Amino acid sequence: MVNPQQKQAAVGDLQEQGLSMRTSCSLVQFERRGLYYKPKLSEENLQITAYLKETAFNYVRWGLPRMVSVVRDKFGAVNHKRVRRLYCAARLQVPKRPRKHTKYRTKPLVQAERPNHRWSMDFVSDSFMYGRRFRVLNVIDDFTRELIHQVVDTSISGIRVARELSEISVHRRLPELIVCDNGPEFRSSVMFKWSQDNKVDLSFIAPGKPQQNAFVESFNGKFRKECLDLNCFSDLLEARDVIMNWRLDYNMNRPHSSLNYMPPAKFRENYENNVDSKRVTLHVV
């Protein structure tokens, strides 16, 4: 089926060949009044489009659902179809990566039921502009999806992990268990002694089953796409500064899809104040 834009282009081609507008429209079977129609963009639509472009420039990996959430926060109850139309007209779509099919499933782990019930931690690596690599230790709360702590350094041992967790306990209650992989830093004797002293269970996933630590693995992907892949770090101080600012923005401003598009800090505040906060239930395997 030929759409109106294609018919309008055909009329323009016929006119360039010397035919009149009336004859060209008759041959293409297109109403002449359609040539004079210009869509009317309201002032609010222009403001929404400008805000979408600004947000997409600052957060290049945010897709349409998250854009709808921030537009509604700023402009009130805006229909999601309207935001989608303006979003697509501005060509702000994020390319989708093809999904990989899981060939097997494992038994579900213990689900987090409240803040500080279960944490997850894992490492992410990247490199400086001159080639030297550095590591980032991510610690998240599986219930509120808060990014509790990040350690950025060229080398992070088991002693360093235990020390950083002890520093967290000064201003935040430690969880009942922490889910982690079988890396040597987590299975060290220092971490075993720390878990015994602080009465925190270390729950190790099965070897070769990162899906059992799905919350932090999912976060690692967001962290790499929205922070590490978008910045070039010249030294350790710059990396720590950029990553710290991103962590604050993630907790305070970034809408999270599993929290009904609320930032983690706001969700935790609502939970502690007994506010009914809807969330999407995720089943982790």
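A helix crossing is called left-handed if the near helix is turned anticlockwise from the far one by less than a right angle, and right-handed if clockwise. Keep that in mind for the first view. Everything here is a predicted model, where local features need pLDDT of at least 70, side-chain atom pairs count only at pLDDT 80 or more, and totals for chains, interfaces and linings use all residues. Residues are numbered from 1 along each chain as its sequence is written, and side-chain values use heavy atoms, with hydrogens and water left out.

**View 1. Helices α4 and α6 cross in the right-handed sense.** Helix α4 covers residues 43–58 and helix α6 residues 80–89 (helices are DSSP runs of H or I, at least four residues; strands are runs of E, at least two). Their axes, lines fitted to C-alpha atoms over the stretch in contact, come within 10 Å and cross at roughly 65°, on a scale from 0 to 180 degrees between N-to-C directions. Among the residues in contact (heavy atoms within 4.5 Å) are Ile48 and Leu52 from α4, and Val83 and Leu86 from α6.

**View 2. Strands β4 and β5 pair in the parallel sense.** Four bridges link β4 (residues 177–180) to β5 (residues 201–204); pairing takes at least two DSSP bridges. Leu177 has Asp201 as its bridge partner in β5. Add helix α8 (residues 189–198), and you get a right-handed β-α-β unit: with the strands pointing away from you, the path from the first strand over the helix to the second runs clockwise.

**View 3. Cys227 is buried, at 1% relative accessibility.** Buried means under 20% relative accessible area (1.4 Å probe, protein chains only). The closest cysteine sulfur, in Cys232, is 12 Å from that of Cys227, too far for a bond. The structure has zero disulfides, meaning pairs of cysteine sulfur atoms within 2.5 Å.

Definitions and conventions
Buried < 20%, exposed > 50% of the residue type's maximum accessible area, 1.4 Å probe, protein only.
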